[in-house]
Amino acid sequence: MIRSYIVIEKGLLEERVYPLEKKLTIGRRPTNDIYLSDPSVSRQHAEIVLEGGRAVVRDLGSHNGTFLNGERVEKAPLSNGDTIQIGGTLFRFVQERVEEDRSQLLETQEIPESEVSLILEGKETSRRSRRLIEALSKVPLFERLDDKALETVAQAAHLVVFDRGRTIIRQGDRGKSLFILLDGKVRVYTYDQRGKEVPLAILSENQFFGEMSLLTGAPRSASVQALEESLLCEISYEAMREIVQKWPSIKKTLEDYYRQRLADMEQKKRDAGMRERRRHPRLNERLPVSFSVSPTSPGTGLFRRKVFRSISQDISISGIRIRVQENMLRMLPVGSHLRLEITLPPPWGTIRCLGILRNVMEVKEGQGIGYLGVEFLDLPPAHRKKLERFIFR
């Protein structure tokens with residue numbers, strides 16, 4: 001069997017690998033399979049597809065073009081070792097022959113090729129399921145499921161081994177799949193404002209991670225690295241969505257872990273002295289702000305489908321403090337994701353982004369005045385540049 005991959009050799013996503021199953025889209029729009037935040041890349045720049053068993057690269061009418069082995073192309077077949085240049089990113093097309101009874105991780109946007117090892121899996125899915133069922137039954141997330149339900153979960157899982165020291169996920173990545181640690185040990189960490197690592201947790205056998213991005217759709221909030229050779233199974237977002245629809249109790253368990261881990265993460269950050277005021281100066285600016293609560297945030301049903309309008313108290317490159325008077329907003333759970341629209345004075349215009357609620361403060365008790373402290377999670381490059389120009393004008 002021939003398997004095909006797109007490997008990034010140069011660029012911000014260097015050393016990433018993207019298995020080519022049917023089609024990979026590339027562009028500046030976040031919904032692309034390969035998202036490049038490069039202003040020289042078009043929103044829908046190019047795609048790589050399998051046509052009749054042959055891989056083909058196709059330009060999608062981009063402004064700056066797609067280059068195959070240094071030559072601009074509209075559509076061209078790919079051969080093993082070919083290079084593809086899109087903006088400032090260099091890709092290499094790689095093919096390899098694998099045994100029919102071996103399988104590789106099928107879906108992820110963040111695992112470098114050097115970090116993935118093949119696992120004996122084979123076409124005998126029943127044998128594979130039996131091995132996995134016993135392991136999955138020990139995981140708190142699935143311990144209440146019967147063998148038939150566990151077999152469904154096992155069939156959706158992709159197995160992968162990470163050597164000691166290899167990074168499994170990186171903070172800021174956009175993957176949304178869930179990882180279950182079947183054997184081994186990993187560490188979870190983030191970085192403070194000076195770039196120093198802040199340890200968050202050590203996870204071992206039968207524990208899982210990745211539920212924050214799975215539930216919220218936000219980029220990965222921390223990095224995870226293997227402390228020893230570790231066997232994991234990955235379950236894609238699409239598969240987990242079907243699983244929780246069949247067994248809603250799993251979603252509740254995920255949300256419980258999400259809340260606890262978010263609280264633990266915030267405490268570890270506070271213990272490490274991670275304060276935004278130490279990173280960036282705040283400007284006391286009164287700016288019109290509109291925001292809504294993301295429907296993916298757990299425990300926020302009361303706030304959904306509502307748009308709130310207020311005024312900022314201050315703003316920085318990394319976040320904003322919003323003045324609120326609605327009593328219900330002071331009950332908004334910390335960790336909720338907000339979709340923000342902030343109106344800057346002319347000539348800067350409006351910026352839109354995703355933020356996470358870090359704290360809720362009541363300034364004047366009994367007067368209904370409070371503040372929401374929001375950290376920017378996903379600020380598009382063009383909007384970030386606009387905000388920087390406004391703040392450092």
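## Buried charges, surface charges and backbone details

Both E211 and R261 are buried, where buried means under 20% relative accessible area, exposed over 50% and partly exposed in between (1.4 Å probe, protein chains only). Their side chains meet in a salt bridge, with 2.7 Å from N to O; a salt bridge here is a side-chain nitrogen of Lys or Arg within 4 Å of a carboxyl oxygen of Asp or Glu. E211 lies in helix 3 (residues 211-216) and R261 in helix 5 (residues 248-271), so this pair ties together parts that are 50 residues apart in sequence. Helices (H or I, at least four residues) and strands (E, at least two) are DSSP runs, numbered from the N terminus.

Please keep in mind that this is a predicted model, in which local features need pLDDT of at least 70 and side-chain atom pairs count only at pLDDT 80 or more, while totals for chains, interfaces and linings use all residues. Residues are numbered from 1 along each chain as its sequence is written, and side-chain values use heavy atoms, with hydrogens and water left out.

**Salt bridges**

- Side chains of opposite charge can pair when their charged atoms come close.
- The search of the whole structure finds 11 salt bridges.
- In helix 5, K252 pairs with D256 in a salt bridge, and their closest N and O atoms are 3.1 Å apart.
- K252 and D256 are 4 residues apart in helix 5, which means that about one helical turn separates them.
- D256 also forms a salt bridge with R259, where the closest N and O atoms are 3.5 Å apart.
- D256 and R259 are 3 residues apart in helix 5, so they too are separated by about one helical turn.
- As for accessibility along this stretch, K252 is exposed at 52%, D256 is partly exposed at 35%, and R259 is partly exposed at 38%.
- Elsewhere, a network of salt bridges links K23, E47, E51, R58 and K75.

**A negative patch on the surface**

- D163, D183, E205, E228 and E229 form a negative surface patch.
- Patches are made of residues with over 30% relative accessible area and no salt bridge, with like charges joined within 9 Å and nonpolar side chains (Val, Leu, Ile, Met, Phe, Trp, Tyr) within 5 Å.
- Lys and Arg count as positive and Asp and Glu as negative, while His and the chain ends are not counted.
- The place of a charge is taken as NZ of Lys, CZ of Arg, CG of Asp or CD of Glu.
- Accessible areas come from the Shrake-Rupley method with a 1.4 Å probe, and for residues only the protein chains shown count as cover.
- Within this patch, E228 sits in the loop between strand 20 (223-226) and strand 21 (230-235).
- E228 has a relative accessibility of 37%, so it counts as partly exposed.

**Cysteines**

- A disulfide is a covalent bond between the sulfur atoms of two cysteines.
- With a disulfide taken as a pair of cysteine sulfur atoms within 2.5 Å, the search of the whole structure finds 0 disulfides.
- C233 is buried, with 0% relative accessibility, and C353 is buried as well, at 8%.

**Residues in strands 1 and 26**

- V7 belongs to strand 1 (residues 2-10) and is buried, with a relative accessible area of 11%.
- V7 and F91 are 84 residues apart along the chain, and 5.5 Å separates their C-alpha atoms.
- L357 is part of strand 26 (residues 350-364), and its relative accessibility of 0% makes it buried.
- The C-alpha atoms of L357 and F376 are separated by 9.0 Å, with their positions 19 residues apart along the chain given as the spacing.

**Backbone points to look at**

- P346 and P347 are joined by a cis peptide bond, with omega at about 5 degrees.
- P347 is found in the loop between strand 25 (337-343) and strand 26.
- N69, a residue other than glycine, has a positive phi near 50 degrees.
- The loop between strand 7 (66-68) and strand 8 (71-73) holds N69, which is partly exposed at 44% relative accessibility.
- N206 likewise has a positive phi, near 80 degrees, in a residue other than glycine.
- N206 lies in the loop between strand 18 (197-204) and strand 19 (208-209) and is buried, with a relative accessible area of 18%.
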